[in-house]
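Q: I have a protein model open and do not know how to read its features. Can we go through a few of them together?

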Amino acid sequence: TMSREEDAEWLHWVTRQFGSIAGKDKEISLEEFKSALQVKESFFAERFFALFDTDGSGSISLEELLRALARLVHGDHADKLGFLFQVYDVDGSPHVPPGSGSIDAEELKVVLGWCLRESSVSLPEERLGDLTRALLEAADRDHSGSITFQELQEQLEAFPELMENLTIRQSCFPSAASWLKPPVPPERCWPRCLSRGYWHNHRGQLGCLGGYTALNVLLFTLAALWHRGHGPAILLARGCGQGLNINCTLLAVSAGGRREHGWAVGVLCTGGCCGAHLCVCLSVCLSVCLSVCVCPALLAQQDGHPTLAESLLWAQPGGGGVAGTAPQTGLALLALLLAMVTFSSPCVRRGGHFELFYWTHLSYISIWTLLILHGPQFWKWFVVPGSLFVLEKVLGWVWRRAGGLHIVEVNLLPSQVTHLVIQRPKSFHFKPGDYVYLNVPAIASYEWHPFSISSAPEQPETLWLHIRSLGQWTSRLHEFFQQLESPNPEPTAPRRSQGWAQVGGGRGDTHRLCRVKCYLDGPYGTPTRRIFTAEHAVLIGAGIGITPFASILQSIMYRYRRRKQSCPSCHYSWCEELRDEEMTLRKVDFIWINRDQKHFEWFLSLLSKLETEQAELEPGGRFLELHLYMTSALGKSDVKALGLQVALDLLAAKEKRDSITGLRTRTQPGRPDWSKVFGKVAEEKVGKVQVFFCGSPALAKVIRGHCEHFGFRFSKENF
């Protein structure tokens, strides 16, 4: 319900918006109404328009709109359900009271069909008939073959969670919220970085950042104090030089220490190696800028010193570095670093110019050489980590080239997702959630791209990668396998050399066997390794963000299955609750958010297997709970979706499976209400909650804020 002030504000807003849409005659036509509602299908717009057009003139005046909205805003549930009934009563007059009409099976089927189209859900015609019969059988109390208003009201009132969301501003026109709902003024609050939850959730990263900053300040201060009698220019140069020594050493650590058994694991921020690498790189650029640009300018102002141009262009005795070449090597360093930073930006890497990023990053060899010439003391800092970096690169190169692998199977999935099945070497050991760098010479001989491993470590012979086409290289990969699998009535030599063969089993033309050469570099660890040491883990994947969790979920169920105990005499089985070092999990909630129905096809077989395994191990168990959301579907707070959602719930309860995915878990329409989701998790009190997310940065920001509110630990995984 709205207060009088809110009511007046809203009606004033609707009046203003009406004036911006209506033509010179101050009325809204059907086409203008459709445009304002932003509906996918015209059916509901036409039904709403007919109900609002009380005089049947073919247009809606401001008075008609306000009269209809006021009745729905101030009316009770019966008024709103009456509006819904008139929408569903297709052959009834829109101006006849709902109590005198009825909805027969054909009308119900038509409306449910339009609901499915509006939700981007595709079901066979027989499933639409099943939905219609399920709702008709449940609501038709007198078995007359049609539903009256009273019967519909009684049926919907059995779903209180739907009724409580039935508000006109949020349910009748959710897609037209910008038209009917006034903008909410921003709340004044403290910056998120100053909140207690933010500091608790980022204590590890903030501790690393604080220690790193303190180390740089300490080294700068010690160098400046040691040379305090030589003037401000020398003082600044020596301080920046110490910063270069430590930061360029850390660059070798952050660039080379990512492997699972690497020598630098744990040195930098946990799970933030790329972020730490960028932070250190920016510190190096700042140090070089200060020492190259500011120091010579300060020296040029002193008597007896060369001008700024002379000191930058020609080596000077006592100018620092090898043979007084510190300014010249500094300028070269600055140019290389600026090129490296510029071509590392996402717009370059993902804009079809990956080779610029690749080749400019190879200049690290020149940079370290110039640093040795620029600062003769640098080699003392660099010799140990630099040697280990070179050793790792050499061994990695030898291992990759000596152990050339093959892609033995490919499956092209909806939304341009390429599922690769790759030979797994016996010496290749990884943990759930890890990722590898993949090189396919047939696509680009020098490009290596990181992808999460979607198979479990317990799968011995192969490993899986699910790759979505989001850039130039991934698109070429998808097109490469798409062209190879294209039907060709006359086999040619090149096709035979690739080793393609049709796979039986009725899986269609998108599934083939192949033998395409590839190389792997890795595995590399991620924050998701902490899942097995959590007590209550909440895994959230958005779209293809399910990839790292696919490996984790399989491994979790494998370990859970090993806990199963059985009595040798009576064959009674149970699962131990004892925790061990390998897995301390008591509960796992997996939330997968997809835009539409076809995206669920990526991992439906896996999720179905997980449901079956849990049902066999622990009937009725809730160790692993799945929560699926489809954002394109009409939400439960949408009046157009009420009948469809009730029908889907009734049919799912009857058949014990979801009509959209075929799983036992019911697919929820719309977006998750994170306050309710995390509130329910907090109420379970299973143990300390850790949330792991993989998806878009925008959604990560939203979920992170809710985690800070509830005091949950949050980790973001890249995919």
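**Reading helices, patches and backbone angles**

A: Start with helix α20, residues 364-374, in this predicted model. The buried residues of α20 are Ile367, Trp368, Leu370, Leu371 and His374.

Q: Why are the buried residues on the same side of α20?

A: The general idea is that an α-helix has 3.6 residues a turn, so residues three or four places apart point the same way. Here the buried residues cover an arc of only 160 degrees around the axis, which puts them on the same side of α20.

Q: Is Ile372, which is also in α20, buried or exposed?

A: Neither label fits, because buried means under 20% relative accessible area and exposed means over 50%, with partly exposed in between. Isoleucine 372 has a relative accessible area of 37%, so Ile372 is partly exposed.

Q: Which residues make the nonpolar surface patch with Ile372?

A: Ile372 is joined there by Trp379, Val383, Val384, Leu388, Leu391 and Leu395. Together they form a patch of about 630 Å². Helix α21, residues 378-402, gives the largest share of the patch, six residues.

Q: What does the UniProt record say about transmembrane regions?

A: The unreviewed UniProt entry annotates residues 206-227, 233-255, 267-300, 320-344, 356-373 and 537-560 as "transmembrane region". Two of these ranges can be set beside the model. Residues 206-227 are 95% helix and 0% strand, with end C-alpha atoms 32 Å apart. Residues 356-373 are 89% helix and 0% strand, and their end C-alpha atoms lie 26 Å apart.

Q: What should I look for in the phi angles?

A: Most residues other than glycine have a negative phi. In this model, serine 120 has a positive phi of about 60 degrees, although it is not a glycine. Lysine 656 also has a positive phi, near 60 degrees.

Q: Where are serine 120 and lysine 656 found?

A: Serine 120 is in the loop between α6 (105-118) and α7 (125-139). Its relative accessibility is 35%, so serine 120 counts as partly exposed. Lysine 656 is in the loop between α26 (642-655) and β17 (667-669). With 62% relative accessibility, lysine 656 counts as exposed.

Q: How many helices and strands does the protein chain have?

A: The chain has 28 helices and 19 strands. Of its 719 residues, 48% count as buried. The chain exposes about 35,000 Å², and carbon and sulfur atoms supply 58% of that area. Among contacts between residues at least 6 apart in sequence, 69% join residues at least 24 apart.

How values were computed: Residues numbered from 1 in each chain as written. Predicted model: local features only at pLDDT ≥ 70, side-chain atom pairs only at ≥ 80, totals over all residues. Heavy atoms only, no water. Buried < 20%, exposed > 50% of the residue type's maximum accessible area, 1.4 Å probe, protein only. Helix = DSSP H or I, 4+ residues; strand = E, 2+ residues; numbered from the N terminus. Arc of directions from axis to C-beta. Patch = residues over 30% accessible without salt bridge, like charges linked within 9 Å, V, L, I, M, F, W, Y side chains within 5 Å. Areas by Shrake-Rupley, 256 points an atom, 1.4 Å probe, with all protein chains shown as cover. Salt bridge = Lys/Arg side-chain N within 4 Å of Asp/Glu carboxyl O. UniProt positions renumbered as here; feature names shortened; annotations may be inferred. Contact = heavy atoms within 4.5 Å.
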